[in-house]
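This report describes the architecture of one protein chain for readers at the bench. It proceeds from the overall fold to single residues.

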Amino acid sequence: MQDMINNLPKLAKDKHIENKKFFAKLKKKPPQHLDYLMQDLHDKEFKKTDCLNCGNCCKTTGPLFTDKDVDRVSKHFKLKSQEFINQYLRLDEDNDFVLKSVPCTFLGEDNYCTIYDVRPKACREFPHTDRKKFQQISNLTLKNVAICPAAYNIVEAMKQNIK
């Protein structure tokens, strides 16, 4: 797994133009069965992929925290929302709350999330490969294939299934 994680940025970069063209076509004319195909590819990949063996998403990127996420996680820590924000978050260039630093503050050495039950929506849904209307998040997916081995594999399988 570590070899795949180490090689992922280069693999994704090598496939970037190909993937970008593929997603541009997909956006213009998505197949009717795309949501079902993506769900199937996602499920198959995550039957053989254990995120606890990787954790690269938590080690290299930080999630966006919605207001609901801030409220839920701050309540978990028995903090006021503003206290939680001051301690853990910052505003990014899009004026969204993100973690002050990566790797994620809440990632344990064993790759377990210490706030798993109350984790942000962005974490719960990552890598977003089973999202409905998948073609609408192609820019996000292009970023995620460089971070997540499962997302990379799913996109490669998707290209084989949609000619």
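Helices (H or I, at least four residues) and strands (E, at least two) are DSSP runs, numbered from the N terminus. This is a predicted model, in which local features need pLDDT of at least 70 and side-chain atom pairs count only at pLDDT 80 or more, while totals for chains, interfaces and linings use all residues. Residues are numbered from 1 along each chain as its sequence is written, and side-chain values use heavy atoms, with hydrogens and water left out.

**Overall fold**

The secondary structure of the protein comprises 8 helices and 3 strands. Read from the N terminus, the elements follow the order α-α-α-β-α-α-β-β-α-α-α. The C-alpha trace spans about 50 × 35 × 30 Å along its principal axes. The radius of gyration, taken over C-alpha atoms, is compared with a globule rule of 2.2 Å times the number of residues to the power 0.38. For 163 residues, a compact globule would have a value near 15 Å, and the 17 Å of the protein agrees with this.

Burial is expressed as relative accessible area: buried means under 20%, exposed over 50%, and partly exposed in between (1.4 Å probe, protein chains only). Of the 163 residues, 39% are buried. A contact means heavy atoms within 4.5 Å. Among contacts with a separation of 6 or more, 68% come from residues 24 or more positions apart.

**The sheet and helix α5**

Two strands are taken to pair if DSSP finds at least two bridges between them. The 3 strands form an open sheet in the order β1-β3-β2, with antiparallel pairing. Its edge strands are β1 (64–65) and β2 (89–91), each of which pairs on one side only. Strand β2 is joined to β3 (residues 97–99) by 3 bridges, and these two strands run antiparallel. Leucine 89 has leucine 99 in β3 as its bridge partner.

Helix α5 (residues 81–88) lies across β1, β2 and β3 and runs at about 85 degrees to β2. Axes here are lines fitted to C-alpha atoms, for helices over the stretch in contact, and angles run from 0 to 180 degrees between N-to-C directions. Within α5, the residues Phe84, Ile85 and Tyr88 are buried. They cover an arc of only 100 degrees around the axis, which places them on the same side of α5; the arc is that of the directions from the helix axis to the C-beta atoms. The packing partners of the buried residues of α5 are β1, α4 (67–76), β2 and β3.

**Helix α2**

Helix α2 (residues 34–48) has 15 residues and reaches 22 Å from its first C-alpha to its last, close to the expected 21 Å at 1.5 Å a residue. The expected span is 1.5 Å times one less than the number of residues. Its buried residues are Leu34, Leu37, Met38, Leu41, His42 and Glu45. Seen down the axis, these residues fall within an arc of 130 degrees, so they line one face of the helix. They pack against α1 (2–28) and α8 (149–161). The exposed residues Tyr36, Lys44 and Lys47 are carried on the face turned away from the buried side.

**Loop residues**

Which residues does asparagine 53 touch, not counting residues up to four places away in sequence? Its partners are Met1 and Asn111. Asparagine 53 is located in the loop between α2 and α3 (56–60), and it is exposed, with a relative accessible area of 51%. Asparagine 53 and aspartate 92 are 39 residues apart in sequence and 29 Å apart in space, C-alpha to C-alpha.

Two further loop residues, neither of them glycine, have a positive phi. They are set out below.

| Residue | Phi | Loop | Relative accessible area |
|---|---|---|---|
| Asparagine 95 | about 70 degrees | between β2 and β3 | 57%, exposed |
| Lysine 133 | near 55 degrees | between α6 and α7 | 48%, partly exposed |

Cis peptide bonds also occur in loops. The bond from valine 102 to proline 103 is cis, with omega near 5 degrees, and proline 103 sits in the loop between β3 and α6 (121–125). The bond from phenylalanine 126 to proline 127 is likewise cis, with omega near 5 degrees. Proline 127 belongs to the loop between α6 and α7 (138–144).
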